[in-house]
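These are my notebook entries on a single structure. I looked up strand pairing, cores, one loop residue and the cysteines, in that order.

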Amino acid sequence: MILSTMLVSCYDGLNSMQRTLILDCTKKVGEKIKICGFVQTRRDHGKIGFLDVSDRSGLIQVFCKGELLGDIRPQDVVSIEGVVNKRPENLANKNIPTGEIEISADKIEVLSKAEELPFDMGGKDLGLQLPTLLDFRTLTLRHPKVKSLFKVQESLLEEFRKAAQDLDCTEIVVPTIVAGATEGGAEVFKIDYFEHKAYLSQSPQLYKQMLVPVFERVFTIAKAYRAEPSVTTRHLAEATQLDIEIGFIEFEDLLDFLEEVAVKMLKATQDLCRDILSDFGVEQIAFGKIPRLTLREAQELIFKEFGRDNRKEKDLTPQDEIDLCKWSKESCGSDLVTITHFPTQAKPFYTMPDPENPEYSLSYDLLFRGLEILSGSQRINNYQQLLESIKSRGMDPKNFEMYLQAFKYGMPPEGGFSFGLERVTMHVLGLANVREASLFPRDMERVDVRLSK
Ligand code: AMO
């Protein structure tokens, strides 16, 4: 904070006049000021012209005599000196906080010239196909609506963090280079690690568990890598997980906690980002009492209400998730549904089988507007049982030595859950593809640039 103030004042020392943030111009009518920012649009009207210029605080109209405009074009980085004037009432723009004023420019300096843009950035929506949106990511992220999506994401992160802190969780930072696969063998990226093999972590799972005996309650915001072989609208190869792990709990406590965190995070974000959500045209989130169904109850419901017989499947299909949320919204007034008791064999080795019926496990998913946004479980906390579970899945306990050590020396009953940040963002904003909710998405076809090029 102190450093950035110093940098700004050094910079401004060299350029004589202090920079004013665009939003602060509303308090400086009649004064001479300097703004710095990006040209968004240019409108020529014979001998005069207008620029819309933005900075991190907002957007303002700049009135210019033609000779000042030169070859200025969108995305040029400019420094403009001029006077803040009130606009005539009939020319005010009620949609932006600076709509009643404009700057009458005396001097325009181009700090950095932009090349001609490959598409028009001036519209309310960019209207690009996904591949172009991602090919030109550093540019498309500058578009106000695309940028605002990541302000919503920032809010989700912050509200998750607050909700986890409300539960008295300690924030932890965990490794992403790991010795073994946690969530299933096939979807793991192998890496060369000196003269050994290692993996990119599929989840912060093992570390959050190992830290339960240390802090009792922990949370982390972590990267998760999945070598997903299929191309879908909801899978990334690198996702961001919001994880919580809690000791000394029972199954029902975990369900209460996950629903509490989800509702806090979504409610606060909806309130704080009201204007952005309305720009995206999404409905208010329905926060009725969240229904809880076991997987088999959910499949029975799908069969009865929607006529599809998936009653023997080990997981919900994407269409099941959509239909269950539709049912929940209509009959419970809730955009969220919790599904519990997935088959033990379909869940990772650390999942606790239900003592009353070990074929099913103490696991759960949270669905939101037709998509799984969270999953988790109560965990096996007995050392011997955990060892057996690892072996029974054909995995080598040697790869889990450090993890197992934590259980050898005392592990309370515990469990946790994980939200996928990009999936939550996607469905808060009604986006068609999870890639749009990642600043720089990775998938089978892309690591910044297209891999097939
Ligand atoms: P799971 O694998 O279900 O569980 O992941 C948890 C949540 O992370 C998100 N997610 C993804 N998002 C985008 N692309 C992907 N490829 C992707 N994979 C997962 C989803 C999902 O619900 N360790 C357990 C969690 C736990 O038990 O605490 C785990 O990783 O929103």
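Entry 1, strand pairing. I began with strands E4 and E5, which span residues 77–86 and 101–112 respectively and pair in the antiparallel sense over 10 bridges. Across this pairing I found Ile80 standing opposite Ile108 in E5. I note here that the model is predicted.

I then followed the pairing outward to see what E4 and E5 belong to. Both are part of a closed barrel of five strands, in the order E1-E2-E3-E5-E4, and the pairing in this barrel is mixed. From one strand to the next, I recorded an average twist of 55°.

Entry 2, nonpolar cores. I asked which residues have the most contacts inside the largest nonpolar core. They are Ile244, Tyr403, Phe417, Phe419 and Val428, within a core of 71 residues. The element that gives the most to this core is helix H8, residues 251–272, with nine residues. I also located a second, separate core, which has 19 residues; among them are Ile60, Cys64, Ile72 and Ala105.

Returning to Ile244, I listed its contacts, leaving out residues up to four places away in sequence. The side with lower residue numbers comprises Phe160, Ala164, Leu167, Cys169, Lys208, Val218 and Phe219. Val261, Gly416 and Phe417 complete the list. Phe417 thus appears both as a contact of Ile244 and among the residues with the most contacts inside the largest core. Of the contacts of Ile244, I checked Cys169 for burial: its relative accessible area is 8%, so Cys169 counts as buried.

Entry 3, a loop residue. I placed Asn310 in the loop that joins helix H10 (295–306) to helix H11 (318–332). Is Asn310 buried or exposed? Its relative accessibility is 14%, and Asn310 therefore counts as buried, the cut-off being under 20%. Setting aside neighbours within four places in sequence, I found Asn310 in contact with Gln299, Thr317 and Asp320. With Asp320 there is also a polar contact, side chain to side chain, at 3.1 Å.

Entry 4, cysteines. I searched for disulfides and found zero in the structure. For Cys25, which is in no disulfide, I looked up the nearest cysteine sulfur: that of Cys36, 11 Å away. A disulfide would need the two sulfur atoms within 2.5 Å. I closed by recording that Cys25 is buried, with a relative accessible area of 0%.

Technical notes. Residues are numbered from 1 along each chain as its sequence is written. This is a predicted model: local features need pLDDT of at least 70, side-chain atom pairs count only at pLDDT 80 or more; totals for chains, interfaces and linings use all residues. Side-chain values use heavy atoms; hydrogens and water are left out. A nonpolar core is a set of buried Ala, Val, Leu, Ile, Met, Phe, Trp, Tyr and Cys residues joined through side-chain atoms within 4.5 Å. Buried means under 20% relative accessible area, exposed over 50%, partly exposed in between (1.4 Å probe, protein chains only). Helices (H or I, at least four residues) and strands (E, at least two) are DSSP runs, numbered from the N terminus. Contact means heavy atoms within 4.5 Å. A polar contact is a pair of N or O atoms within 3.5 Å; within protein, one must be able to donate a hydrogen and the other to accept it, and residues adjacent in sequence count only if both atoms are side-chain atoms. Two strands pair if DSSP finds at least two bridges between them. Axes are lines fitted to C-alpha atoms, for helices over the stretch in contact, and angles run from 0 to 180 degrees between N-to-C directions.
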